[in-house]
Amino acid sequence: MTFTRFTDPHVFEAIVRDVLVEYEAENNLPLGIISGISTGGRSHDDPLLAIAHTGSVPDAASICAVVVRTPPFPVVIAYTDHAGDRATIGCVNDSLRSIYNDEIGGFNADGTFVDDYVSSWFRLTGSRMDVYMETLIYKCVAPVIPESVVGGARPMSAKDADVVRAFVAGFYQEAVPDEFDEERVDSYVRRMVIADASQEGVFLWEAEGSVVSMAAFTGSTPHGIRINAVYTPPEHRRHGYASACVAELTQRL
């Protein structure tokens, strides 16, 4: 088993794309990260783009695992048929330790094999890890637009920066309070104002002259894109605004 790193994101993407697209929804995160780096939409210092593979030549047919990291964020292990094999895990973890010592920020991987990576890492380094977050990904192929919801959706503009900042801060404080940081929120809003609409952006639902809900999108994959940061302030909930905003954004994307 060989662990090969790539410095050219275009070469890396060409090799791993078909393997990742086989489970496109499950691999929306690594696909989105790779796409962002390849298109220049995101700037990362020394990202890890690597595969664990059989044989000496790294190609799609020999891939056992696809490994991505954008420090300081955790290591992302893509979902592939052999990502959970013992030999694959050993190769990946040995290589990660040689690159980062013990500071990998954790593992982001499918629930069917992430515990095996954590156990292997503990045996290798003595470092313990706790579960930080468990998430699901839902794949939508046919959006249904809710009926009788007042208002309509539109892309954000620079004049919406303050309301989007308040919504994003509210989202962090309710959904992931440990990650809330004012500078992080400000940086996100600044990026969304000038974002390439083919890669990421924010849609707002406006009703009776007020912005009442938001939904964002990012992380394009070959046949889709990820919707995130869906938020409605408490005083505007239970009117279907978020459902309508997400449905219309999904249809447009």
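Is Glu206 buried, exposed or partly exposed? Glu206 comes out partly exposed, because its relative accessible area of 28% falls between the 20% and 50% cut-offs. Keep in mind that this is a predicted model. Below is a quick tour of the salt bridges, two helices and an open sheet.

**Salt bridges**

- The structure holds twelve salt bridges, and a few of them are worth a closer look.
- Glu206 pairs up with Arg154, with 2.9 Å between the closest N and O atoms. Glu206 sits in strand 7 while Arg154 belongs to strand 6 (residues 152-155), so this pair ties together parts that are 52 residues apart in sequence.
- Arg154 also forms a salt bridge with Asp160, where the closest N and O atoms are 2.8 Å apart. Both of these residues, Asp160 and Arg154, are buried.
- Add Lys159 and you get a network: Arg154, Lys159, Asp160 and Glu206 are linked by salt bridges.
- Elsewhere, Asp102 and Arg97 form a salt bridge, their closest N and O atoms being 3.4 Å apart. Asp102 counts as partly exposed because its relative accessibility is 30%, and Arg97 is partly exposed too, with a relative accessible area of 33%.

**Helix 6**

- Helix 6 covers residues 182-193, and its twelve residues should span 16 Å at 1.5 Å a residue; the end C-alpha atoms are 17 Å apart, which agrees.
- Its buried residues are Val185, Tyr188, Val189 and Met192. Looking down the axis of helix 6, you find the buried residues within an arc of 95°, so they line one face of the helix.
- That fits the general picture: an α-helix has 3.6 residues a turn, so residues three or four places apart point the same way.
- The cover over the buried residues of helix 6 includes helix 5 (161-175), strand 7 (201-207), strand 8 (210-221) and strand 9 (224-231).
- At the N-terminal end, Asp181 acts as the cap of helix 6, with a side-chain oxygen 3.1 Å from the backbone nitrogen of Glu183.

**Helix 7**

- Helix 7 (residues 241-252) also has its length checked: with twelve residues, it reaches 16 Å from first C-alpha to last, close to the 16 Å expected at 1.5 Å a residue.
- Buried in helix 7 are Tyr241, Ala244, Cys245, Ala247, Glu248 and Leu249.
- Those buried residues pack against strand 6, strand 7, strand 8 and strand 9.

**The five-stranded sheet**

- Five strands make up an open sheet in the order 1-2-3-4-5, with mixed pairing. Strand 1 (2-5) and strand 5 (107-108) are at the edges with a single partner strand each, so one side of each has no neighbour in the sheet.
- Strand 2 (residues 48-53) runs antiparallel to strand 3 (residues 63-69), and the two pair over six bridges. Among the bridge partners, Ala50 matches Val67 of strand 3, and His53 matches Ile63 of strand 3.
- Strand 3 also pairs in the antiparallel sense with strand 4 (residues 75-77), this time over two bridges. Here Val67 has Ile77 of strand 4 as its bridge partner.
- A hairpin of five residues takes the chain from strand 3 to strand 4.
- As for burial, seven of the seven residues of strand 3 are buried, so the strand is largely enclosed by the rest of the structure.

Key: Residues numbered from 1 in each chain as written. Predicted model: local features only at pLDDT ≥ 70, side-chain atom pairs only at ≥ 80, totals over all residues. Heavy atoms only, no water. Helix = DSSP H or I, 4+ residues; strand = E, 2+ residues; numbered from the N terminus. Expected span 1.5 Å × (residues − 1). Buried < 20%, exposed > 50% of the residue type's maximum accessible area, 1.4 Å probe, protein only. Arc of directions from axis to C-beta. Contact = heavy atoms within 4.5 Å. Polar contact = N/O pair within 3.5 Å; in protein donor to acceptor, adjacent residues only side chain to side chain. Salt bridge = Lys/Arg side-chain N within 4 Å of Asp/Glu carboxyl O. Pairing = 2+ DSSP bridges.
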